[in-house]
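Morning, everyone. Please bring the model up on your screens. I'll take the strands, then the empty spaces.

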Amino acid sequence: MKRNINKYIAVLVLITTLTACKVSKDVETPKDALPENFRNVSSQDTTSIADQSWKEFFTEPSLQKLIDSAIVRNNDLLIAQKNIEAAQWQLTQSKWGNVPKLNFEATATSTRLSDNSLNGLSTSTFLKKKHIEDYNAALNLSWEADIWGKIRSRKKNALAEYLQSEEAKKALQTTIVANVSTGFYNLLMLDAQLEIARKNLALNDSTLFVINLQYESGQVTSLAKQQAEAQQSVAAQLIPELEQAIALQENALSIITGSFPGAKERKTTLGAIALKENVSAGIPSSLVSRRPDVKNAELALKAANAKVGIAKASLYPSLNITAAGGLTSFKSSNWFNTPASLFGTVAGSLAQPLLNGRSLKAQYEISKIEREKAVLSFRQSVLVAVGEVADALVKVEKLKEQQAIAANRVTTLQNAVKNADMLFKSGMATYLEVIVAQGNLLQSELELATLKRTSLEADVELYRSLGGGWK
């Protein structure tokens, strides 16, 4: 008896030792995939605007309300959350891979034997019966020893896929937050341009009134009147065009925030929104932890490592241990009589793939290729991320310079329009000079509003490209 116990202990120790075996080596994320600094940024400051939550970065209450609505009600985000829940269940399921399977089975059978069969003659002779009854109640246990780490690799794969689903939602949220904010800024720009168009139309009306008086008194020709009317039509046409654009932008914001098309509240103006000052981008290595799509690519490599481990382990023998025990009897009246009805069995099996070995080998080679692709995908995700940050940084810098120049031009043209109007009324300037000055002012003011919107979008793009928006 003692010898048998020692044998069982030795087998268990051997299985435990083999279970710790690992048949494949993981590939790490390439360290050279990340540069030391972003382009034209020499600072080693690790802080980044992406560390701020979206409520800290976007302080306008109306915008915060829109973003909050989008996070809560956007259907794409809700679907992403369901993907996370499904992945969570898959992860939970994988954790039970090492646990033996235990089933309870109860059966009762009655077999009518042929009178011309040996079993039938024996039963009839000895039992004086034409049929055989069999009653069975048993617990069946089966367990696969994780000798080569196949089950452990499945757990790693499930964990990586679960974490990927979380990062996918984060990436989607950063995009949605960026889209809502840029849509809001575009709405403010359209509001500003609509106000500019209305002011310019009022200015054109005043000029046309004076030219009509001069035309009636014979001071100018009909050409002057027609030119002034045409200039007035340009400003007038802008108004319904901008009103249409505002409605379309409001509809787009409604859809992304999970509501039916309708007007959007905005208690601020484009001019009241300040640009970000002294933005910090941090260092490229932080993109792996901050930016969800880069983190997702890193997790994809971990999942690929796990799948290689699964495929490699499938090439080796699998050890299965089965056991069964319970009560059995050929009479229902004796079914639960113990210990006479008790039975038990234990078995172990070692299975080595033979005919499907080539297929498993091919799957292993495919999994290695998929892992190589995952490494390349990680490199590409880093390249794209670093490139987007570099683009956003140069946009932030150069758009501020463009906006300053455009603001000076608008100031100059505003003075030019005032002077042209006074000189025209005093007869020292022609109607053509007035019309040209007004047209230039209209285009410059519209362009300045566009540049302000584009500058705000550059701030948003820098925040998103650094991985901000999911906190």
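Two strands count as paired if DSSP finds at least two bridges between them. Keep that in mind for the next part. In β2, the bridge partner of Thr107 is Asn136. That contact belongs to a longer run. Strand β1, residues 101-112, is joined to β2 by twelve bridges, and the two run antiparallel.

Before I go further, a word on confidence. This is a predicted model. The mean pLDDT of the protein chain is 82. Of its residues, 89% reach 70 or more. Where is confidence lowest, and where is it highest? The lowest is helix α1, residues 2-19, with a mean of 46. The highest is helix α3, residues 61-73, at 91. Over residues 1-20 the pLDDT is below 50. Beyond near neighbours in sequence, that stretch has eleven contacts in the model.

Back to the strands. β2 covers residues 131-145, and β3 covers residues 318-329. They pair in the antiparallel sense over eleven bridges. Two positions will help you find the register. Trp143 has Ile321 in β3 as its bridge partner. Ser142 stands opposite Thr322, also in β3.

Now step on to β4, residues 342-351. β3 and β4 pair in the antiparallel sense too, over ten bridges. Here Gly325 has its bridge partner in β4, and that partner is Gly344. So much for pairing; look at the link. Pro339 lies in the loop between β3 and β4. What is the peptide bond from Thr338 to Pro339, cis or trans? It is cis, with omega near 5°.

Next, the closed space. How many cavities of 30 Å³ or more does a search of the whole structure find? One. About 60 Å³ of space lies in the largest cavity. Its lining includes Glu144, Ala145, Asp146, Trp148 and Lys150. Further along the chain, Ala313, Pro317, Ser318 and Leu319 are among the lining residues as well. The elements that give two or more residues to this lining are β2, α6 and β3. By class, the lining divides into seven nonpolar, two polar and three charged residues.

Which domains does that lining draw on? It takes at least three residues from each of domain 1 and domain 2. Domain 1 is 20-97 + 145-316 + 358-470. Domain 2 is 100-144 + 317-350.

Last, the open space. The largest pocket has a volume of about 410 Å³. It is lined by 17 residues. Which of them are closest to its centre? They are Ala192, Glu195, Ile196, Leu270 and Gly271. Three helices each supply at least two residues of the pocket lining: α6 (150-216), α10 (357-425) and α11 (431-465). α6 gives the most, with six residues. The pocket lining has seven nonpolar, five polar and five charged residues.

To recap. β2 pairs with β1 over twelve bridges and with β3 over eleven. β3 also pairs with β4, over ten. α6 contributes to the lining of the largest cavity and to that of the largest pocket. And when you look at residues 1-20, remember that the pLDDT there is below 50. Thanks, that's me done.

Note on methods. Residues are numbered from 1 along each chain as its sequence is written. This is a predicted model: local features need pLDDT of at least 70, side-chain atom pairs count only at pLDDT 80 or more; totals for chains, interfaces and linings use all residues. Side-chain values use heavy atoms; hydrogens and water are left out. pLDDT is the predictor's confidence in each residue, from 0 to 100. Helices (H or I, at least four residues) and strands (E, at least two) are DSSP runs, numbered from the N terminus. Contact means heavy atoms within 4.5 Å. On a 1 Å grid over the protein atoms alone, a cavity is a set of points where a 1.4 Å probe fits but cannot get out, and a pocket is an open set with protein on both sides within 12 Å along at least five of seven lines; lining residues have an atom within 4 Å of a point. Grid points are joined across faces, edges and corners, and a volume is the space filled by probe spheres set on the points. Ala, Val, Leu, Ile, Met, Phe, Trp, Tyr, Cys and Pro count as nonpolar, Asp, Glu, Lys and Arg as charged, and the others, Gly among them, as polar. Domain bounds come from an automatic or database domain assignment.
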